Amino acid sequence: MKFAFPAVLAATCAVPAVAEVFFKEQFNDDAWTTRWTESTKWKPKSEMGTWKHTAGQWYADESDKGIQTSEDARFYGISAKMDSTFTSGEKPLVIQYSVKHEQQLDCGGAYIKLLPGGDDFDTAKFGGETEYAVMFGPDICGSSNKRTHVILHYDKKSDNLLINREVSTETDDVTHLYTLIVNPDNTFQVLIDNKSVRKGSLDEEFDFLAEKEIKDPDASKPADWVDEAKMADPEDKKPDGWDDIPAEIPDPDAEKPDDWDDEDDGEWEPPMMDNPDYKGEWKPKMIDNPDYKGPWEHPMIPNPEYKYDDDMYKVCSKGCTHVGFELWQVKTGTLFDDIIVTDSVEEAEAFAQETFFKKKDGEKTMYDEHMASQEPEDAGDDDYMGDMGDMGDFDMGGMGDEF
Ligand SMILES: *[C@@H]1O[C@H](CO)[C@@H](O)[C@H](O)[C@H]1NC(C)=O
């Protein structure tokens, strides 16, 4: 036993896996524009909005800036090359960034994209049609359409798969931190402000795989299957004389008018009225059908096409090289900051500590003061917000929001 000790020690002290950071952006220097390129050939210039380098209206530290959308009803396209290429392998993929809607966003995207492309990546053309590996983050339009998108590229289907569950999003005016983790065991997790809002397995929450079961093609509904749950009670008999009761009878209160002339007017007949004794057509009482066994259900069999894929998580199988925003916003003022792409959840958490968690209380204090100072003269402003709120049904269809 004694001699085994060093070996055990060596095993427990195994070198921790080295975390790698592929991209980190805090937008805290003016040189950010050398790292980021605006999409100049995606949409006509007149439809493109400009990015402001600012801490926004409320912040913990004015010198800690982000980039903010600044012109209403515009497209926004911008991308940056990552420091190194992330290729899906044995490590998780972690994408994290912060989003602050200072404008009470009524309709617009605020998601980030992780992009393949390498040296061929066309920064000028980058937009809604550009191939991507991951689309992740808030997308809001109207009061009912508020979600955090999680869309993953799947090589084997050449398709982008939208999560088939609702993932909540934050819609208030302060900064929130969005984190997506995609694990090599084909699980994923979405966190907002470091709190889990969705976690699960890729095969259950995305349509990567064929259905596990299909309707048995050899089974069909038996010809004598009884579909009627109810039947006429064979014991129930039509009462004698039922059909002798007429629906209408001559009105017994009607009287022949005094000036009626049988010769000119013909024989007088009293007008007809509904017969109070008439109960309609006789129908037998309905009872439960003893032969009814419920609706026929098609028996299911295992789908021969179903095959589990260990590689679903490999959204960056060819290597992801860029991150970018390509957005449409009706009302602008969304500020992005503190982006990290890494293969380590701990690394992303540590970065969150240094950035989001360090700033959030200071920002909230300034926000509350700002709102308090706005209140007295706010009447006109409120109307404006109300009007913009009505644009909630603005249709984003065909706005380049391609899956
Ligand atoms: C984030 O969540 C993890 C796991 O729940 C926790 O260990 C960590 O302390 C949290 N970090 C912060 C900054 O709250």
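**Around Tyr 111, Asp 139 and the ligand**

Let's start at Tyr 111, which sits in the loop joining β7 (107-109) to β8 (112-115). Keep in mind as you look around that this is a predicted model.

Is Tyr 111 buried or exposed? With 23 other C-beta atoms within 10 Å, Tyr 111 passes the cut-off of 20 or more, so Tyr 111 counts as buried. Setting aside neighbours within four places in sequence, the contacts of Tyr 111 are Met 135, Phe 136, Gly 137, Pro 138, Asp 139 and His 149.

One of those contacts, Asp 139, makes a good next stop. Asp 139 belongs to strand β9, which covers residues 134-141. Asp 139 is buried too, because 22 other C-beta atoms lie within 10 Å. Once residues up to four places away in sequence are left out, Asp 139 touches Gly 109, Tyr 111, Arg 147 and His 149. His 149 therefore appears in both contact lists, that of Tyr 111 and that of Asp 139.

Tyr 111 and Asp 139 also share a label from a record: an unreviewed UniProt entry annotates them as "binding site", along with Lys 113, Tyr 132 and Glu 326.

Now turn to the ligand itself. Which residues surround the ligand? They are Asn 194, Glu 349, Ala 352, Gln 353 and Phe 357. Helix α5, spanning residues 345-354, gives the most to this shell, contributing 3 residues. By character, the shell holds 2 nonpolar residues, 2 polar ones and 1 charged.

How values were computed: Residues are numbered from 1 along each chain as its sequence is written. This is a predicted model: local features need pLDDT of at least 70, side-chain atom pairs count only at pLDDT 80 or more; totals for chains, interfaces and linings use all residues. A residue is near a molecule or strand if its C-beta atom, placed from the backbone, lies within 6 Å of it. Helices (H or I, at least four residues) and strands (E, at least two) are DSSP runs, numbered from the N terminus. Ala, Val, Leu, Ile, Met, Phe, Trp, Tyr, Cys and Pro count as nonpolar, Asp, Glu, Lys and Arg as charged, and the others, Gly among them, as polar. UniProt positions are given in the numbering used here, feature names are shortened, and annotations may be inferred rather than shown by experiment. A residue is buried if 20 or more other C-beta atoms lie within 10 Å of its own, exposed if 12 or fewer, and partly exposed in between; C-beta atoms are placed from the backbone. Two residues are in contact if their C-beta atoms, placed from the backbone, lie within 7 Å.
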